[in-house]
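This report describes one chain, working from its helices down to single residues. The sequence and the model are shown first.

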Amino acid sequence: YIRSIVPPNALESVHMPDANGHEMSGTPGATFNLSLILLLVAIAATGLADLILDRPDTWYSLHTLFEILFLLLCLTTAAWLGRGWLQARRSVVDLRCSRDQHLVERDAWRRRAQGFLKGLGEEIDGQMTTWQLTPTERQTALLLLKGYSHKQIADYTERSERTVRQHAVAVYRKSGLGGRAELSAFFLEDLLLPDNPENAETVD
């Protein structure tokens, strides 16, 4: 939810990664498996047709037994691949449903908390101004607050990981905080759930 706390007019020089989901598409691996299944079935059908047309005098000849074994191998492999393909399809559908549900919950939470998020974002922006952070340091601080690692920040901002670490050190030095945990706690430590006896936990 921290991805929503910065208002559109705050930190204009800071561009954040897109938090919206993207439609999942079929993978090349799944397409390859389906093509392989169809190919194996076609080979098995061709082999069966060839076996019937040959009209062997006996089913116990080496050639006939070899063709039957080959047909069974093709059909068994196709069935095994088909089972895996169906499971993969079900997994993709489940992931899409879970993702869509997450996006619905996220959007509903954002609508309910829009005013709070705007105010919190303005306060964070104001505090960063008080710390006299540069635009680059603000970007780094906000991405750290969002939970991105130094490597993720480096990849997104197209800077070296060493440079990102230097900016993070500058943020901690100017703010007087000891690290990422203290940076998050500075802004979020006082966020508490409303008093509710049903939600209270007993600490032994």
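Two residues are taken to be in contact when heavy atoms of theirs lie within 4.5 Å. By that criterion, and leaving aside residues up to four places away in sequence, Thr140 touches Ile153, Val164, His167 and Ala168. The model is a predicted one.

## Overall make-up

The chain contains seven helices and zero strands, and its pattern along the sequence reads α-α-α-α-α-α-α. Buried residues make up 29% of the 204 residues. Of the contacts between residues at least 6 apart in sequence, 67% join residues at least 24 apart.

## Helices H1 and H2

Helix H2 covers residues 62-112, which is 51 residues. From its first C-alpha to its last, H2 reaches 75 Å, close to the 75 Å expected at 1.5 Å a residue. The buried residues in H2 are Thr64, Glu67, Leu71, Cys74, Ala78, Leu81, Gly82, Arg99, Leu103, Arg106 and Ala108. An α-helix has 3.6 residues a turn, so residues three or four places apart point the same way.

Helix H1 spans residues 28-54 and includes Thr46. With a relative accessible area of 53%, Thr46 is exposed, the cut-off for that class being over 50%. The C-alpha atoms of Thr46 and Leu71 are 9.3 Å apart in space, while the two residues are 25 apart in sequence. Leu71 is among the buried residues of H2.

## The crossing of H3 and H4

Helix H3 consists of residues 114-130 and helix H4 of residues 135-146. Their axes come within 11 Å and cross at roughly 135 degrees. H3 and H4 are therefore oblique to each other, since an angle over 145 degrees would be needed to count as roughly antiparallel. The crossing is right-handed. On the H3 side, the contact is made by Ile124, Asp125, Met128 and Thr129; on the H4 side, by Arg138, Ala141, Leu142 and Leu145. Sorted by class, this contact has five nonpolar, one polar and two charged residues.

The loop between H3 and H4 holds Gln132. This residue has a positive phi of about 60 degrees although it is not a glycine. Gln132 counts as exposed, at 63% relative accessibility.

## H4 and what covers it

At 1.5 Å a residue, the twelve residues of H4 should span 16 Å, and the end C-alpha atoms are 16 Å apart, in agreement. H4 is mostly covered, with ten of its twelve residues buried. These are Glu137, Arg138, Gln139, Thr140, Ala141, Leu142, Leu143, Leu144, Leu145 and Lys146. The cover over them includes H3, helix H5 (150-157), helix H6 (161-175) and helix H7 (180-188).

Thr140 illustrates this at the level of one residue. It is placed in H4 and has a relative accessible area of 1%, so it is buried, the limit being under 20%. Of the residues that Thr140 touches, Val164, His167 and Ala168 are also among the buried residues of H6. Just after H4 comes Gly147, with a positive phi of about 105 degrees.

## H6 and the loop before it

The 15 residues of H6 should span 21 Å at 1.5 Å a residue, and the end C-alpha atoms are 21 Å apart, which agrees. Buried in H6 are Val164, His167, Ala168, Ala170, Val171, Tyr172 and Ser175. What covers these residues includes H4, H5 and H7. H4 and H6 thus appear in each other's cover: H6 is listed for H4, and H4 for H6.

Glu158 lies in the loop between H5 and H6. Like Gln132, Glu158 has a positive phi of about 60 degrees although it is not a glycine. Glu158 is exposed, with a relative accessible area of 75%. H6 is followed by Gly176, whose phi is positive, near 75 degrees.

## Residues with positive phi

The residues with positive phi named above are set out here by place.

| Residue | Place | Phi |
|---|---|---|
| Gln132 | loop between H3 and H4 | about 60 degrees |
| Gly147 | just after H4 | about 105 degrees |
| Glu158 | loop between H5 and H6 | about 60 degrees |
| Gly176 | following H6 | near 75 degrees |

Technical notes
Residues numbered from 1 in each chain as written. Predicted model: local features only at pLDDT ≥ 70, side-chain atom pairs only at ≥ 80, totals over all residues. Heavy atoms only, no water. Axes fitted to C-alpha atoms, helices over the stretch in contact; angles between N-to-C directions. Helix = DSSP H or I, 4+ residues; strand = E, 2+ residues; numbered from the N terminus. Parallel < 35°, antiparallel > 145°, perpendicular 65-115°, else oblique. Left-handed = near helix turned anticlockwise from the far one by under 90°. Nonpolar A, V, L, I, M, F, W, Y, C, P; charged D, E, K, R; others polar. Expected span 1.5 Å × (residues − 1). Buried < 20%, exposed > 50% of the residue type's maximum accessible area, 1.4 Å probe, protein only.
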